[in-house]
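These notebook entries record what I looked up in one structure, in the order in which I looked.

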Amino acid sequence: MNLSARLALLCLAWVMVGLAAAGIFLPLLPTTPFLLLAAWLFSRSSPRLEQWLMGHALFGPPLRDWRENGAIARRTKMIAIFLMSLGFAYLWLAVGPPVVGLISVAAILITCAIFIASRPEPPEEK
């Protein structure tokens, strides 16, 4: 891979790490998808930084759980589904979109919740 492509991937990976870090504090911004993207981008641009991310005290465990077992911790599942429900309630009560919009958003969120709930839990949590 040429240098400019590696630098672009590296910069994008750092943006994803920043968004993931912001997601820790902002309830409607997800953390894990950004971490997964960052790990993938680092794996293509800098194996050393990929190892750093995978070994990170805060970010590493959920990434390793996902890579090794496709697993999501029970607490993380509960928080994710709760926040999706909270976001939907806000949409419904505060924004009041048309019924078609509500049904569309509900269908997407229910599909995501089923996916999250169906993932196995890391072995040490069972």
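**Entry 1: a residue near the start of my reading**

I began with Ile24, which is partly exposed, its relative accessible area being 40%. I noted that the model is a predicted one. I then looked up the place of Ile24 and found it in helix H1, which covers residues 3–25. Next I asked which residues form a nonpolar surface patch with Ile24. I found Phe25, Leu26 and Leu58, and the patch made with them comes to about 440 Å².

**Entry 2: the chain as a whole**

I turned to the secondary structure and recorded 6 helices and 0 strands. Read from the N terminus, the elements follow the order α-α-α-α-α-α. For the extent of the chain, I looked up the C-alpha trace, which spans about 50 × 40 × 25 Å along its principal axes.

I asked what share of the residues counts as buried. The value is 29% of the 126 residues of the chain. The exposed area of the chain is about 8,200 Å², and carbon and sulfur atoms supply 73% of this area.

I also looked up how contacts are distributed along the sequence. Among contacts with a separation of 6 or more, 60% are between residues 24 or more positions apart. For the charges, I recorded 10 positive and 6 negative ones, whose mean positions are 6 Å apart.

**Entry 3: the salt bridge of Arg67 and Glu50**

I then asked how many salt bridges the structure holds. I recorded 3 salt bridges. As background, I noted that side chains of opposite charge can pair when their charged atoms come close.

I took Arg67 and Glu50 to begin with; their side chains meet in a salt bridge at 2.8 Å, N to O. This pair links distant parts of the chain, as Arg67 belongs to helix H4 (residues 60–69) and Glu50 to helix H3 (residues 47–55), 17 residues apart. I checked the accessibility of each partner. Arg67 is partly exposed, with a relative accessible area of 45%. Glu50, by contrast, counts as buried, at 11% relative accessibility.

**Entry 4: the network at Glu121**

I next looked up Glu121, to which Arg74 forms a salt bridge with the closest N and O atoms 3.0 Å apart. Arg74 lies in helix H5 (residues 74–95) and Glu121 in the segment after helix H6 (99–118), so this pair ties together parts that are 47 residues apart in sequence. I found that Arg74 counts as partly exposed, at 43% relative accessibility. Glu121 is buried, with a relative accessible area of 14%.

Lys77 also forms a salt bridge with Glu121, and here the closest N and O atoms are 3.9 Å apart. Since Lys77 lies in helix H5 and Glu121 in the segment after H6, the pair ties together parts that are 44 residues apart in sequence. I asked whether Lys77 is buried or exposed. Lys77 is buried, and so is Glu121. I therefore recorded Arg74, Lys77 and Glu121 as a network, since a salt bridge requires a nitrogen within 4 Å of a carboxyl oxygen and the three residues are linked by such bridges.

**Entry 5: Ala117 and Ala80**

I looked up Ala117 and found it in helix H6. Ala117 is partly exposed, with a relative accessible area of 46%. I asked which residues Ala117 touches, leaving out those up to four places away in sequence. They are Lys77 and Ile81. I also noted that Ala117 and Arg74 are 43 residues apart in sequence, while their C-alpha atoms are 8.5 Å apart in space.

Ala80 is found in helix H5. At 25% relative accessibility, Ala80 counts as partly exposed. I looked up its separation from Cys112: the two are 32 residues apart in sequence and 9.6 Å apart in space, C-alpha to C-alpha.

**Entry 6: Met54**

My last residue was Met54, which lies in helix H3. I asked why Met54 counts as buried. The reason is that its relative accessible area is 10%, and buried means under 20%. Apart from its neighbours within four places in sequence, Met54 is in contact with Ala39, Gly60, Leu63, Arg64 and Arg67. For Ala39 I also recorded a C-alpha separation from Met54 of 7.5 Å, the two being 15 residues apart along the chain.

Terms used: Residues numbered from 1 in each chain as written. Predicted model: local features only at pLDDT ≥ 70, side-chain atom pairs only at ≥ 80, totals over all residues. Heavy atoms only, no water. Patch = residues over 30% accessible without salt bridge, like charges linked within 9 Å, V, L, I, M, F, W, Y side chains within 5 Å. Areas by Shrake-Rupley, 256 points an atom, 1.4 Å probe, with all protein chains shown as cover. Helix = DSSP H or I, 4+ residues; strand = E, 2+ residues; numbered from the N terminus. Buried < 20%, exposed > 50% of the residue type's maximum accessible area, 1.4 Å probe, protein only. Contact = heavy atoms within 4.5 Å. Lys, Arg positive; Asp, Glu negative; His and termini not counted. Charge placed at Lys NZ, Arg CZ, Asp CG, Glu CD.
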